[in-house]
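User: Pick one part of this model and take me through it closely. I'd like the packing and the polar contacts in one go, please.

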Amino acid sequence: KRAVDHAQRKIDPIWGERAWSIFLEYIAQNKRITSEFMAEDLRFWAYNRNFPKPPDDRAWGSVLLRAAREGIIQRSGYAPMKSKNCHANPKSLWRII
């Protein structure tokens, strides 16, 4: 919540709702391609569409938790991050329901 609040103060007052919309677009376009994804896949996809990057990427966590609460996705395990600077740290793997 704090990361989203920060993004909304620094980037856009409705960053959270815009992030939710881009998440729904990501799901609609990618559920036929793959049933699993990681937060970094969503972020990479959004940033390639010129979606504004928040000051802290943890702001995306609120979007994913909302989607899980609404039954759109569920955590299906963990996988190593793909970003080189993350040293393959394990992060949540999400399944589209």
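Analyst: When I say contact, I mean heavy atoms within 4.5 Å. This is a predicted model, with local features needing pLDDT of at least 70 and side-chain atom pairs counting only at pLDDT 80 or more, while totals for chains, interfaces and linings use all residues. Residues are numbered from 1 along each chain as its sequence is written, and side-chain values use heavy atoms, leaving out hydrogens and water.

Let's go for helix H3 and the loop after it. H3 covers 39-47 (helices are DSSP runs of H or I, at least four residues, and strands are runs of E, at least two, numbered from the N terminus). It's largely enclosed by the rest of the structure, because 7 of its 9 residues are buried (under 20% relative accessible area with a 1.4 Å probe, protein chains only; exposed is over 50%, and partly exposed is in between). The buried ones are Ala39, Glu40, Asp41, Leu42, Arg43, Trp45 and Ala46. What do they pack against? H2, H4 and the strands E1 (36-38), E2 (73-80) and E3.

Asp41 is the one to zoom in on, sitting in H3 and buried there. Leaving aside neighbours within four places in sequence, Asp41 touches Tyr26 and Lys82. Its side chain also makes a polar contact of 2.6 Å with that of Lys82 (a pair of N or O atoms within 3.5 Å; within protein, one must be able to donate a hydrogen and the other to accept it, and residues adjacent in sequence count only if both atoms are side-chain atoms).

H3 also feeds the largest nonpolar core, as do H1, H2, H4 (60-69) and E3 (90-96), each with at least two residues. That core (buried Ala, Val, Leu, Ile, Met, Phe, Trp, Tyr and Cys joined through side-chain atoms within 4.5 Å) has 24 residues, and Leu64 is among those with the most contacts inside it. H2 gives the largest share, 7 residues. Beyond four places in sequence, Leu64 is in contact with Ala39 and Leu42, and also with Phe23, Phe37, Ile73 and Trp94.

Moving on to the loop between H3 and H4, you'll find Lys53 there, partly exposed at 48% relative accessibility. With neighbours within four places set aside, Lys53 is in contact with Ile11 and Tyr47. The side chains of Lys53 and Asp57 share a polar contact of 3.2 Å. Ile33, by comparison, is 20 residues from Lys53 in sequence and 25 Å from it, C-alpha to C-alpha.
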